[in-house]
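Subject: Structure handover

Hello,

Please find the structure below, for your own use. My notes on it come straight after.

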Number of protein chains: 2
Amino acid sequence: MTDRLSDVRDNGMTERAIRTQGDILEVATAEFAANGYAGARVDEIAARTRTTKRMIYYYFGSKEGLYLAVLERVYAQIRRVERGIQIDELSPDDALRTLAEATYDHHTTHEAFIQLVSIENIHRAEHLRQSETILRENVTAITLLEEVIDRGVRDGIFRDDVDAVDVHMMISAYACFHVANRHTFAAIFDRDMLDPALQESHRRLIGDMVVATMTDRRNDRRVP
Amino acid sequence: MTDRLSDVRDNGMTERAIRTQGDILEVATAEFAANGYAGARVDEIAARTRTTKRMIYYYFGSKEGLYLAVLERVYAQIRRVERGIQIDELSPDDALRTLAEATYDHHTTHEAFIQLVSIENIHRAEHLRQSETILRENVTAITLLEEVIDRGVRDGIFRDDVDAVDVHMMISAYACFHVANRHTFAAIFDRDMLDPALQESHRRLIGDMVVATMTDRRNDRRVP
DNA sequence: TTCCGAACGTACTAGTTCGTACAGATCCAT
DNA sequence: ATGGATCTGTACGAACTAGTACGTTCGGAA
């Protein structure tokens, strides 16, 4: 739960300092996610922490520095989830479904992450590109997928013309959309995609979708 | 192309006035899409038009009023596309594929629309909800889909436990993601989803995905 | 104790941004 | 042509916002 402390480097910092930084990051995450980068107010963030604006600049240097720290923190979290997935002993199709459901579960329970990704895209990923950590470490999902897909293709149950990045895209698209476009979708179609009553069927649908697409051999490249 | 004039009500306006408004709307669309609502600068928009800031306030009243006009304009455009789709004479699966591809084509060629939808979601659709026009008229897609799905279920080729709104969600998710998350995706996975070289295969994949999911009877509710 | 640097608080500045007052131009009907 | 309505340009102000100068407190080492 409060694993946020592990996100902060603790090179000879006092306990109090670490807590202050964690406090700021937590509030800043909510503020940036809710209002966008330009819409977020440093004064507002400061007011909601138990410390002051001076501390934000003391620890993070600038509004942009704070935003970057927030971004790295939420990406670190999804990395942790990805590393925890066990699919070695599952059949390729069950593994695929498990991966899809794990992504769905993460995204639907981490609204701030999805909102920050949206915001970052509005700004053409200019901040994300500055973070070597994020760029270096966030391909875990692809490695896992590659393994599963290879196995499925070798077993002859998966089509062979769709690669891991494409599958990741399909899964992410479905899971992201639920959270990212929740409000316009609800306004127009009068259906809250995160309504708990729909969760089970939506969770099943993302698995159905990716498994059905990959096991559909109608578009296979190889000669039968 | 320059059908933007039709977006502006022309109750006894001079030709020049209509052009001025269209000019402002075009520039404002780009500015809001590129920088978000709070990040957009009224002065910057004014500077890029052939008129002045005074005119923005004369015609649109406020920054928010301008943003709302921009939003209605891009939604009106996708409505026009949806109304132009002919699928009456297609088989249910071909019709589904055609609808999916049309959505894909629209979204991938109207980046500003997708960006504005993202921005609107960051703000919890607060502006969109103010526009009765958008809320009233933007369910055309669903009506079309309902018809097709009914036909497919009746013919026994579609599963019967997924409704039109769900299918629309799947299609929109895939198509939106390509544009909305283009930059973070490219930064992390080094693949531009809008690369023309990939367009054909991605266009096929959205069709495969929705058709495979709907024709997959493994999860059917009805007894075989 | 004394000292030192890390951690913190207050009050302020410099610059930006939305919006407007006011003055002028243009068009059109009578 | 003339009065009035519709447009347009300029210059400015009030409010807000990121960032900082400067001083204080606290904890531990010598």
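The notes below go through the two DNA strands, the contact between the protein chains, the cysteines and a few single residues and helices.

This is a predicted model, and every value here is computed from it.

**DNA strand C**

There are 19 residues around DNA strand C, and those that come nearest are A:Met55, B:Arg41, B:Lys53, B:Tyr57 and B:Lys63. Of the atoms of this strand that come within 4 Å of the protein, 55% belong to sugar and phosphate.

Three side chains place a polar atom by a phosphate oxygen of strand C. For B:Arg41 the distance is 2.5 Å, for A:Thr51 it is 3.0 Å, and for A:Thr20 it is 3.1 Å. Two or more residues of the surface near this strand come from each of helix 1 (15-39) and helix 3 (53-60) of chain A, and from each of helix 2 (42-48) and helix 3 (53-60) of chain B. Helix 3 of chain A gives the largest share, four residues. By residue type, the surface near strand C has seven nonpolar, five polar and seven charged residues.

**DNA strand D**

DNA strand D is surrounded by 18 residues, of which A:Arg41, A:Lys53, A:Tyr57, A:Lys63 and B:Arg54 are the closest. Sugar and phosphate make up 58% of the strand D atoms that come within 4 Å of the protein.

One base is reached here: a polar side-chain atom of A:Lys53 lies 2.7 Å from a base oxygen of strand D. Two tyrosines of chain B face the backbone instead, with a polar side-chain atom of B:Tyr59 at 3.1 Å from a phosphate oxygen and one of B:Tyr58 at 3.5 Å from a phosphate oxygen.

The elements that each supply at least two residues of the surface near strand D are helix 2 (42-48) and helix 3 of chain A, with helix 1 (15-39) and helix 3 of chain B. The largest share, four residues, is that of helix 3 of chain B. This surface divides into six nonpolar, five polar and seven charged residues.

**Contact between chains A and B**

On each side of the protein interface 62 residues take part, 62 of chain A being in contact with 62 of chain B. The two chains bury about 4,900 Å² between them, and 65% of that area is on carbon and sulfur atoms. On the chain A side, A:Ile122, A:Met169 and A:Ile188 supply 13% of the area buried against chain B, more than any other three residues.

A:His183, in helix 10 (residues 182-189) of chain A, has partners in both chains. Apart from residues up to four places away in sequence, A:His183 touches A:Glu111 in chain A and B:Asn121, B:Arg124 and B:Ala125 in chain B. Its relative accessible area is 16%, under the 20% limit, so A:His183 counts as buried.

**Cysteines**

Zero disulfides are found over all chains. A:Cys176 is in no disulfide, and the nearest cysteine sulfur, that of B:Cys176, is 11 Å away. B:Cys176 is likewise in no disulfide. A pair would need its sulfur atoms within 2.5 Å, so at 11 Å these two do not qualify. Both residues are buried, A:Cys176 at 9% relative accessibility and B:Cys176 with a relative accessible area of 10%.

**Helix 10 of chain B**

Helix 10 (residues 182-189) of chain B is largely enclosed by the rest of the structure, because six of its eight residues are buried. The buried residues are B:Arg182, B:His183, B:Thr184, B:Phe185, B:Ile188 and B:Phe189. After the helix comes B:Asp190, which has a positive phi, near 55°.

**B:Asp105**

B:Asp105 belongs to helix 5 (residues 92-109) of chain B. With a relative accessible area of 24%, B:Asp105 is partly exposed. Leaving aside neighbours within four places in sequence, B:Asp105 is in contact with B:Gln199 and B:Arg203. B:Ile45 is 60 residues from B:Asp105 along the chain, and their C-alpha atoms are separated by 28 Å.

Regards

How values were computed:
Residues are numbered from 1 along each chain as its sequence is written. Chains are lettered from A and ligands numbered from 1 in the order in which they are written. This is a predicted model: local features need pLDDT of at least 70, side-chain atom pairs count only at pLDDT 80 or more; totals for chains, interfaces and linings use all residues. Side-chain values use heavy atoms; hydrogens and water are left out. A residue is near a molecule or strand if one of its heavy atoms lies within 4 Å of it. A polar contact is a pair of N or O atoms within 3.5 Å; within protein, one must be able to donate a hydrogen and the other to accept it, and residues adjacent in sequence count only if both atoms are side-chain atoms. Ala, Val, Leu, Ile, Met, Phe, Trp, Tyr, Cys and Pro count as nonpolar, Asp, Glu, Lys and Arg as charged, and the others, Gly among them, as polar. Buried means under 20% relative accessible area, exposed over 50%, partly exposed in between (1.4 Å probe, protein chains only). Contact means heavy atoms within 4.5 Å. Buried area is the accessible area (1.4 Å probe) that two parts lose on being put together, summed over both.
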